[in-house]
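Work through the exercises below with the sequence and the model open. Each task is followed by its solution in steps.

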Amino acid sequence: MKQILTYVFTLVCISVNAQIQKDTIQTYKKRVLETVEVDFLSSYYTQEGDNASVSGGIGTEALTDATGTIIVAIPLNDDDILTIDAGVSAYSSASSSNVGPFDGQQAADPFVASSGASSSDVWSSVSVGFAHSSDDRNKLWSVNTSFASEYDYFSVGFGGSYTRLFNEKNTELSLNVSVFLDTWTAIYPTELRPFYGGNGINNTLFVNNAVTGNANYNPQFTPFNNVQRNSYAFGINLSQILHKNIQGSLSLDLVRQDGLLSTPFQRVYFKDIADSFIENFHLADAIEQLPNERFKVAIGGRLNWYINQNITVRTFYRYYFDDWGINSNTVSIELPLKLSDKFTFYPSFRFYNQSSADYFSPYNEALSTDDYYTSDYDLSNYSANQIGFGCSYTDIFTKAHLWKFGLKAIDLKFYKYDRNTTFGFNIITAGVKFVMDN
Amino acid sequence: MKKNNILIASVLAFSLNSCVVVKEYEKVNINDPDMVLSEKKCDRNLITAHSYREAAVGANGGKTGGGCGCN
């Protein structure tokens, strides 16, 4: 038995050493990035629904958003790349306008947009990353930092990753970490503000507008003390070439969040408290209260199969769960169809489902005696289907030029997403890639 | 029992050499842009929309949390 174990151990050592020897053989070193590359990304997004979280689970969710992003990748030398990523997103929302629905221009109603300042906002972000590859291109590390800002939210993030390639670059293992240290500027529904340090029901809002239903309106409201929100993520990714036409990957992401995880302007209504209204608008009984910690786990896998020069199959599956009681499955398939050497068509389908968070209650179903409650339907039980169509134009010779930049690719895609509720969105995404002439 | 142990140990030892090795000159199809094991850049805003509107995040190269006042 001892002889057999010795023999096997020797075999194992020889095998491992052979693998390492294969990976350390010096080969020609190609630049990791030949020239400057610039990507322009944009999208136009619209959504509809009847369960606005700003008005406690009832109301219009109409929203439009336009986003523009530029990504510049600059080769600093043979081994290093500097990447700068900057974007702006401008949205207009009937839902968020009802943070303050009493604009006096029309009857306050959760299904009608008000003209309040919260009806629109701009989110902007910038991130800078640096990546270094080893001479043999089997090791890669990167670091990045990011800043993002909108009217009621500011974010600072940083992170890094390490990637190791094995087995003649057939196997790739990546580890990545990221940290976001964010701060809310808490904005509360207008009818609640007088009930902390103000004159409560004697406020002009209630004097000038008749309160119907329960005239003794007395909501449960205390502003949040801690407005920080921190997120810490750790990820592992393993990719493997399985065949000269097939490759796959497995990913695991672990995320911990702490701090203010509630959204300060999202209303909640209690079924054990009599309802109060101004015009058609149900006055908040409280704001969303969620735990100040959350732990998320996502496990995903991809399998891509190059069937022939005309068809490729791209598949993805993810299982997610967290300690708020949510479990979900995501499945998607995309079939790139090469119509010619320049044009590719992208039909796709995606299915998603999730269970409800432990703290979720539909509109007007929460209890005032609960510690945590939300009527944000993004945390409810639902399933969703998404279909997509897209087209890509690729010119590897970059014949078309804009100044010193050759046009390499144009992508245009459309997606339609529908839940098994009234919520749905449409999005058009576009991308243009330029490469700088050498 | 001895023979089974030898068989198992041999399979384990040789399995380290049986990982697929596709040579660089055989990777033409693997290196096709549509075979990349990540989302296309033009789909970034779609992935962001999913992370805003769905509880699940992660394992897809997109946001995992932070950077916005979303879930």
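**Exercise 1. Confidence**

What is the mean pLDDT of chain B, and what percentage of its residues reach 70 or more?

Solution. This is a predicted model, in which local features need pLDDT of at least 70 and side-chain atom pairs count only at pLDDT 80 or more, while totals for chains, interfaces and linings use all residues. Residues are numbered from 1 along each chain as its sequence is written, and chains are lettered from A and ligands numbered from 1 in the order in which they are written.

Step 1. pLDDT is the predictor's confidence in each residue, from 0 to 100. For chain B the mean is 79, and 72% of the residues reach 70 or more.

Step 2. Residues 9-18 of chain B have pLDDT below 50, and this stretch has 10 contacts in the model beyond near neighbours in sequence. A contact means that the C-beta atoms of two residues, placed from the backbone, lie within 7 Å. Where pLDDT is low, the predicted coordinates should not be read in detail.

Step 3. The scores of the model are ipTM 0.90 and pTM 0.89.

**Exercise 2. Chain B and its contact with chain A**

Describe the secondary structure of chain B and the side that touches chain A.

Solution. Step 1. Chain B has two helices and zero strands. Helices (H or I, at least four residues) and strands (E, at least two) are DSSP runs, numbered from the N terminus.

Step 2. The contact involves 71 residues from chain A and 41 residues from chain B. On the chain B side, helix H1 (2-15) and helix H2 (44-53) are the elements that give two or more residues. H2(B) supplies the largest share, five residues.

Step 3. By type, the chain B side holds 19 nonpolar, 12 polar and 10 charged residues. Here Ala, Val, Leu, Ile, Met, Phe, Trp, Tyr, Cys and Pro are nonpolar, Asp, Glu, Lys and Arg are charged, and the others, Gly among them, are polar.

**Exercise 3. A three-stranded sheet**

Give the strand order of the sheet that contains S12(A), then place A:Ile278 and A:Glu279.

Solution. Step 1. The order in this open sheet of chain A is S8-S12-S13, with antiparallel pairing. Strands pair if DSSP finds at least two bridges between them; S12(A) and S13(A) are joined by two. Across this pair, A:Phe277 is opposite A:His282 in S13(A).

Step 2. Strand S8 (211-213) and S13 of chain A are at the edges; each has a single partner strand, so one side of each lacks a neighbour in the sheet.

Step 3. A:Ile278 belongs to strand S12 (residues 276-278) of chain A. A:Ile278 counts as buried because it has 21 C-beta neighbours inside 10 Å. The cut-offs are 20 or more other C-beta atoms within 10 Å for buried, 12 or fewer for exposed, and partly exposed in between, with C-beta atoms placed from the backbone. Beyond four places in sequence, the contacts of A:Ile278 include A:Phe102, A:Val211 and A:Leu283.

Step 4. A:Glu279 is in the loop between S12 and strand S13 (281-282) of chain A. A:Glu279 is not a glycine, yet has a positive phi of about 55°. With 14 other C-beta atoms within 10 Å, A:Glu279 is partly exposed.

**Exercise 4. Nonpolar cores**

Which residues of the largest nonpolar core touch the most other members?

Solution. Step 1. A nonpolar core is a set of buried Ala, Val, Leu, Ile, Met, Phe, Trp, Tyr and Cys residues joined through C-beta atoms within 7 Å. Among the 33 residues of the largest core, they are A:Val268, A:Ala284, A:Ile287, A:Ala357 and A:Tyr359.

Step 2. A second, separate core of 10 residues includes A:Tyr45, A:Ala384, A:Ile427 and B:Ala49.
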